[in-house]
Amino acid sequence: MTDHSDRIVVVGAGPVGLCLSLALAQADQRVCLVEALGDDNFLEQVPRAGTNHPATLEMLDRIGLYSKLEPRGIIAPVFHYWDRHEGRLIAAFDHSHLKNDTRFPYVLQCERIKIVEEALKMAKAHPNIDLRLSTEFVSFEQDAGGVTARVINSAGENETIEGRYIVSGEGARSIVRKELGIAFEGFTYDDRTLNIEVAYDFRKHGYAERNYISDPAEWSNLFHWKGPPDRWRVHFPTHPKADEKELMQPAALQERLQGFLPTGRPFDIVGSNLYVVHQRVARKFRVGRAILAGDSAHVNSPIGAMGMNSGIHDAINLADKLIAIARDEADEGVLDRYERQRRHVAVTHTQAQTIRNKRLLAEHDPAVRRRNHDELRRTAENPELARKFLLRTALFESLREADAIA
Ligand SMILES: Cc1cc2nc3c(=O)[nH]c(=O)nc-3n(C[C@H](O)[C@H](O)[C@H](O)COP(=O)(O)OP(=O)(O)OC[C@H]3O[C@@H](n4cnc5c(N)ncnc54)[C@H](O)[C@@H]3O)c2cc1C
């Protein structure tokens with residue numbers, strides 16, 4: 001009988017579960033990766049996240065994933081802040097200010113779906129990863145010796161999977177978090193965000209590949225994704241009481257887009273969806289042998305592109321600690337350090353920054369708007385201030401701060 005006492009059970013083959021599994025497997029750790037979706041529907045997920053910051057690119061490179069993603073994405077060194085109310089560019093930030101800080105002085109626009117597709121291929125090929133697709137995780141138990149996960153496997157049978165630790169990469173609805181009774185503290189915005197995907201080249205109107213557009217009436221974000229066909233994602237706020245069906249009518253979507261950029265011709269809409277935005281952090285990231293990472297531990301608004309990025313940072317941080325424990329180079333206390341480091345980043349950086357980002361775009365007070373915009377302009381125009389700003393938005397500052405936590 002095979003001994004599974006040294007194996008790590010990872011639940012969820014999202015970007016976080018996959019990056020964690022690859023980092024562990026590449027360091028000779030055995031992993032059982034459980035994913036509810038199967039080969040038949042894995043690629044049917046909505047694209048979601050897509051901006052990969054420089055600090056994350058370094059991690060993706062470490063696990064051999066970056067080279068597979070670069071050809072499928074768009075290298076975007078510059079991003080913009082626009083004032084839609086006044087119809088002008090406020091500030092352009094160029095990641096080339098970070099050329100002495102990183103090998104990747106740019107973001108890579110590459111959607112979550114492409115990341116999980118490439119990472120899943122690598123996981124399938126790795127002998128240390130026992131990949132269980134079409135397998136639904138149901139519950140788990142733990143004791144001093146290990147964990148037992150209960151799943152419904154691809155044949156529809158109940159099965160138990162044993163390991164040394166269990167990591168929840170299940171996303172925001174994490175069963176592990178709920179079974180542990182860990183509070184998911186924070187709030188949910190009243191208004192939902194409307195995402196419209198359009199095949200249209202916005203660059204001819206002066207936009208960069210990534211744009212944050214402030215407007216007291218209707219803020220938005222505008223991002224470019226590689227096709228075919230190339231697509232641009234436009235985000236708009238919605239009224240909390242607005243009817244979903246009415247919001248999603250093709251004519252209503254066209255009207256929104258024409259309000260944003262009046263071309264007089266219908267836009268080629270290739271997709272749309274409406275989503276609820278939560279700002280929440282789990283009270284604890286670890287109880288015994290059960291550990292939370294990524295969206296199961298923290299969720300936030302996509303303004304600033306920090307959710308998936310910070311989740312991948314959790315994965316790499318945690319992988320290093322689990323590897324050190326397996327090699328007897330550290331005791332289990334390092335898992336508490338994982339919680340201290342990554343919870344600090346979630347609260348102090350990801351939550352604080354994304355809440356600030358939304359406020360900045362939606363600000364109503366003209367004097368505050370002017371002050372904010374002047375500050376952004378001054379920062380972008382001064383190379384040293386711009387570098388500092390970018391070290392924060394590119395997530396290096398959060399990693400440096402986490403490193404300093406004992
Ligand atoms: C519209 C939108 C845009 C976004 N843009 C960005 C962005 O630009 N940058 C950014 O950093 N973040 C962004 N985010 C956030 C980002 O998508 C998430 O933070 C990220 O996907 C979280 O990764 P994860 O692996 O933790 O969880 P998920 O991506 O949610 O993956 C969880 C996986 O677990 C599986 N699973 C769940 N339950 C079970 C179960 N019981 N049994 C087995 N498997 C299970 C799921 O099928 C899934 O494969 C965006 C989010 C949205 C909604």
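How many bridges pair β10 and β11, and in which sense, parallel or antiparallel? In this predicted model, β10 and β11 pair over 6 bridges, and the sense is antiparallel. One of the residue pairs involved is Val147, whose bridge partner in β11 is Gly163. On to the neighbouring pairing: β9 is joined to strand β10, residues 147–152, by 6 bridges, again with the strands running antiparallel. Here Ser139 has Arg150 of β10 as its bridge partner. The link between β9 and β10 is a hairpin, made through 4 residues.

Put together, β9, β10 and β11 make up an open sheet of 3 strands in just that order, with antiparallel pairing. The edges are taken by β9 and β11 (158–163); each has a single partner strand, so one side of each is left without a neighbour in the sheet. From one strand to the next, the twist averages 25 degrees.

A further open sheet, also of 3 strands, runs in the order β13-β19-β22 and is paired in the antiparallel sense. Its edge strands, β13 (184–188) and β22 (298–299), each pair on one side only. Between β19, which spans residues 278–282, and β22 there are 2 bridges, and the pairing is antiparallel. Across from Val281 stands His298 of β22. Then there's a helix to add: α9, residues 333–362, packs on this sheet and touches β13, β19 and β22. The direction of α9 makes about 170 degrees with that of β19.

Now for the ligand. There are 30 residues around it, and the ones that come nearest are Glu35, Arg112, Asp295, Met308 and Asn309. For Glu35, a polar side-chain atom sits 2.7 Å from an oxygen atom of the ligand. The backbone joins in as well: a polar backbone atom of Gly307 is 3.2 Å from a ligand oxygen atom, and for a polar backbone atom of Ala305 the distance to an oxygen atom of the ligand is 3.4 Å. As for how covered the ligand is, it exposes 1000 Å² when taken alone, and the protein buries 87% of that.

Which elements supply the shell around the ligand with two or more residues each? They are α1 (15–26), β9 (136–142) and α8 (307–326). The top contributor is α8, which gives 3 residues. Sorted by class, the shell comes out at 14 nonpolar, 10 polar and 6 charged residues. Strand β9 thus turns up in two places, as a contributor to the ligand shell and as an edge strand of its sheet.

A few backbone details are worth a look too. Most peptide bonds are trans, and most residues other than glycine have a negative phi. Against that background, the peptide bond from Gly227 to Pro228 is cis, with omega near 15 degrees. The bond that follows, from Pro228 to Pro229, is cis as well, with omega near -15 degrees. Where do these prolines lie? Pro228 is in the loop between β16 (220–225) and β17 (231–237), and Pro229 has its place in the loop between β16 and β17 too. Asp28 is the phi case: its value is near 70 degrees, positive in a residue other than glycine. Asp28 lies in the loop between α1 and β2 (31–34), and α1 is one of the elements that give two or more residues to the ligand shell.

How values were computed:
Residues numbered from 1 in each chain as written. Predicted model: local features only at pLDDT ≥ 70, side-chain atom pairs only at ≥ 80, totals over all residues. Heavy atoms only, no water. Near = heavy atom within 4 Å. Polar contact = N/O pair within 3.5 Å; in protein donor to acceptor, adjacent residues only side chain to side chain. Areas by Shrake-Rupley, 256 points an atom, 1.4 Å probe, with all protein chains shown as cover. Nonpolar A, V, L, I, M, F, W, Y, C, P; charged D, E, K, R; others polar. Pairing = 2+ DSSP bridges. Contact = heavy atoms within 4.5 Å. Axes fitted to C-alpha atoms, helices over the stretch in contact; angles between N-to-C directions.
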